[in-house]
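Let's take a friendly walk through a protein model. Have the sequence and the 3D view open as you read.

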Amino acid sequence: MSEQRSTPGPVDATSRGGGADGGPVALTGLAAYLELAAFGLLAGRSVDAPDLVTRQALASAAGRVLGRQERLLAVAATRGVDATAAMTPFDGVLADFDARTEPDSWSEGLLKGVVGHGVAQDLCRELTRGLPADEAAELRRAVDDGWPEEADGPATVVLAQAAEQDPVLASRLALWGRRVVGEALGLVPALLAAHPVLAGLAAAARRADAAETGETVGEPVGDEAAEVRSWLISRLTAEHTRRMDRMGLAA
């Protein structure tokens with residue numbers, strides 16, 4: 001790939017995917033797109049929330065998510081990529097997930113947001129571990145902004161209270177959560193396959209994790225690529241289990 005031109009103006013993110021900036025640009029675009037989706041879901045659930053307190057809490061949470069998304073786009077701008085270009089390669093990536101997880105109730109819709117957004121955040125957080133240290137700091141700050149506080153945010157609290165008060169609802173939500181996380185995790189291999197630069201970050205993150213535990217991991221080729229995906233899914237599943245535990249729901 002050619003180097004960035006000296007002519008001023010935004011650079012299309014897809015044109016830089018194979019260069020040295022490819023990893024940070026692609027991950028920034030993915031994280032920003034996923035935050036935008038989370039904003040839409042939280043804002044939608046706030047409109048038809050059952051009471052004013054919940055409406056306000058979810059609206060405030062949606063505002064914080066949008067603020068984080070805007071900070072991610074600011075990171076992209078420092079690399080010469082405008083907002084639309086950064087997110088364009090991932091436009092529609094959640095379409096199949098949404099089609100397969102149509103909720104039947106307001107609480108199911110909210111749990112879909114908690115589970116889906118949680119997996120998305122965890123994925124981006126794991127992939128930042130694959131970035132070189134000198135390129136990762138700014139992106140990590142943007143991805144982690146508001147976390148782990150947001151892990152126990154208004155949506156999680158609302159669902160935890162509802163589950164505690166209604167055991168039948170808790171059982172239904174636990175089943176629904178398992179379905180949603182299955183669909184969310186199923187997107188990960190497809191995402192890595194469609195965007196090799198993200199697969200490269202996953203492999204680098206796996207090696208970083210192995211270095212911390214004393215393992216020896218080679219380059220992801222053939223079956224080794226499958227091992228990287230398995231490792232990543234395992235990490236995301238563990239975080240999901242902890243998330244469901246905080247809501248008092250069986251994972």
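## Two helices crossing

Helix α5 passes helix α6 in a left-handed crossing, a term used when the near helix is turned anticlockwise from the far one by less than a right angle (clockwise would make it right-handed). Helices here are DSSP runs of H or I with at least four residues, while strands are runs of E with at least two, and both are numbered from the N terminus. The contact brings together Gln 121, Cys 124, Arg 125 and Thr 128 of α5 with Ala 136, Leu 139, Arg 140, Val 143 and Asp 144 of α6; contact means heavy atoms within 4.5 Å. These residues divide into four nonpolar, two polar and three charged. For that sorting, Ala, Val, Leu, Ile, Met, Phe, Trp, Tyr, Cys and Pro count as nonpolar, Asp, Glu, Lys and Arg as charged, and the others, Gly among them, as polar.

Two packed helices are described by the angle between their axes and the distance between the axes. For α5 (residues 106-128) and α6 (residues 133-144), the angle is about 165° and the axes are 10 Å apart. That makes α5 roughly antiparallel to α6, since angles over 145 degrees count as roughly antiparallel, under 35 as roughly parallel, 65 to 115 as roughly perpendicular and the rest as oblique. Each axis is a line fitted to C-alpha atoms, for helices over the stretch in contact, and angles run from 0 to 180 degrees between N-to-C directions.

## About the model

This is a predicted model, in which local features need pLDDT of at least 70 and side-chain atom pairs count only at pLDDT 80 or more, while totals for chains, interfaces and linings use all residues. Residues are numbered from 1 along each chain as its sequence is written, and side-chain values use heavy atoms, leaving out hydrogens and water.

## The whole chain

How many helices and strands does the chain have? There are ten helices and zero strands. Of its 251 residues, 46% count as buried, meaning under 20% relative accessible area (exposed is over 50%, partly exposed in between, with a 1.4 Å probe and protein chains only). Among contacts with a separation of 6 or more, 78% come from residues 24 or more positions apart.

## A network of salt bridges

A search of the whole structure finds 14 salt bridges, each being a side-chain nitrogen of Lys or Arg within 4 Å of a carboxyl oxygen of Asp or Glu. Glu 126, Arg 129, Arg 206, Asp 209, Glu 227 and Arg 235 are linked in a network of them. In one pair, Glu 126 meets Arg 235, with the closest N and O atoms 3.1 Å apart. This pair joins helix α5 to helix α10 (residues 223-246), across 109 residues of sequence. Glu 126 is buried at 10% relative accessibility, whereas Arg 235 is partly exposed at 31%.

Arg 235 also forms a salt bridge with Asp 209, where the closest N and O atoms are 3.5 Å apart. Here α10 is linked to α9, with the partners 26 residues apart. Asp 209 is buried, at 10% relative accessibility. Another bridge pairs Arg 206 with Glu 227, at 3.1 Å between the closest N and O atoms.

## A histidine in helix α10

Is His 240, a residue of helix α10, buried or exposed? His 240 is buried, with a relative accessible area of 3%. Leaving aside residues up to four places away in sequence, His 240 touches Val 115, Gly 177, Val 181 and Ala 251.
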